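User: I'd like to learn how to read a structure model feature by feature. Could you walk me through this one?

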Amino acid sequence: KTYGAADPGSYTYTVTGGDLKNGDTAGGVLTGSLSRAAGENAGDYAIGQNTLAANSNYSIAYTAANFTIDPASLTITASDASKTYGDTLTFAGTEFSASGLKNGETVGSVTLSSSGAVSTATVAGGPYAIAASAATGGTFTASNYSISYVDGALTVDPATLHVAADSGQHKTYGAADPGSYTYTVTGG
């Protein structure tokens, strides 16, 4: 089964070796059932005879086998983000979504990184990939899942500049305009 799914209703077995005699069938000779060792984490669990028994005409030579719980698929997707050119973006590790968790489990955080998070990342270079990795914390156990990570996108928005013409620029009537007008840049 896959982690988080229910066990099958019963465990099957095969009678081998042509050892049934006089037209007997496995259903007519064997009673009871097989069971597996306790545990719900991904891994192998021994299947035991439990209450399987043969009528008095037969003895059982049991060949052991394992019941396997396979990891469930879990997808961690980094959330899209944006920042302003010149700012540095710091990830908290909670900017993600998780799909495929079982039994009400949670993921606490992931490692997030992007080359666009630095202050020098340009608008023209984006969007930048936001890579997620190393899911941890919460109530889930990583070994119960086959984890895949999906990148998010980081957009760098232009910084806003405020340009104000300098006051006090003037000329005397009849004089030529100055060669250029001055201004002050603020903000950003």
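User: Let me begin with one residue: is Ser 79 buried, partly exposed or exposed?

Analyst: The general idea is relative accessible area: buried means under 20%, exposed means over 50%, and partly exposed lies in between, using a 1.4 Å probe and protein chains only. Ser 79 has a relative accessible area of 31%, so it is partly exposed. Before we go on, a word on the source: this is a predicted model, in which local features need pLDDT of at least 70 and side-chain atom pairs count only at pLDDT 80 or more, while totals for chains, interfaces and linings use all residues. Residues are numbered from 1 along each chain as its sequence is written, and side-chain values use heavy atoms, with hydrogens and water left out.

User: Thanks! Where does Ser 79 lie, and which residues does it touch?

Analyst: For the first part you need the strand labels: helices (H or I, at least four residues) and strands (E, at least two) are DSSP runs, numbered from the N terminus. Ser 79 sits in the loop between β6 (72-78) and β7. For the second part, contact means heavy atoms within 4.5 Å. Leaving aside residues up to four places away in sequence, Ser 79 touches Glu 95, Phe 96, Ile 130 and Gly 152. By contrast, its C-alpha atom is separated by 45 Å from that of Thr 12, 67 residues along the chain.

User: Let's zoom out. How many helices and strands does the chain have?

Analyst: There are 1 helix and 14 strands. For overall spread, look at the radius of gyration, taken over C-alpha atoms, and compare it with the globule rule, 2.2 Å times the number of residues to the power 0.38. Here the radius of gyration is 35 Å, well over the 16 Å that the rule gives for 188 residues, so the chain is more spread out than a compact globule. The C-alpha trace spans about 130 × 25 × 20 Å along its principal axes. Of the 188 residues, 21% count as buried.

User: How do I read strand pairing, and which strands form the open sheet?

Analyst: Two strands pair if DSSP finds at least two bridges between them. The open sheet here has 3 strands in the order β2-β3-β5, with antiparallel pairing. β2 (35-36) and β5 (65-69) are at the edges with a single partner strand each, so one side of each has no neighbour in the sheet. The antiparallel pairing of β2 with β3 (residues 43-48) runs over 2 bridges, and Arg 36 has Ile 47 in β3 as its bridge partner.

User: Which way do the side chains along β12 point?

Analyst: A good way to read a strand is to follow its side chains one by one. In β12 (residues 152-157) they alternate: Gly 152, Leu 154 and Val 156 point to one face and are buried, while Ala 153, Thr 155 and Asp 157 point to the other and are not buried. β12 pairs with β7 (residues 81-84) in the parallel sense over 4 bridges, and it is joined to β10 by 3 bridges, running antiparallel. Leu 154 shows up in both pairings: Ala 81 stands opposite it, and it is the bridge partner of Tyr 128.

User: What about Lys 83: buried or exposed?

Analyst: Lys 83, in strand β7, has 6% relative accessibility and so counts as buried. Its contacts beyond four places in sequence include Leu 89, Val 118, Leu 154 and Val 156. The C-alpha atoms of Lys 83 and Val 118 are separated by 9.9 Å, although the residues are 35 positions apart along the chain.

User: Finally, which backbone features should I look at?

Analyst: Check omega and phi. Gly 126 and Pro 127 are joined by a cis peptide bond, with omega about 0°, and Pro 127 is in the loop between β9 (109-113) and β10 (128-136). Asn 103 is not a glycine, yet has a positive phi of about 55°; it is in the loop between β8 (96-99) and β9 and, at 57% relative accessibility, counts as exposed. Ala 134 also has a positive phi, about 50°. Ala 134 belongs to strand β10 and is partly exposed at 46% relative accessibility.
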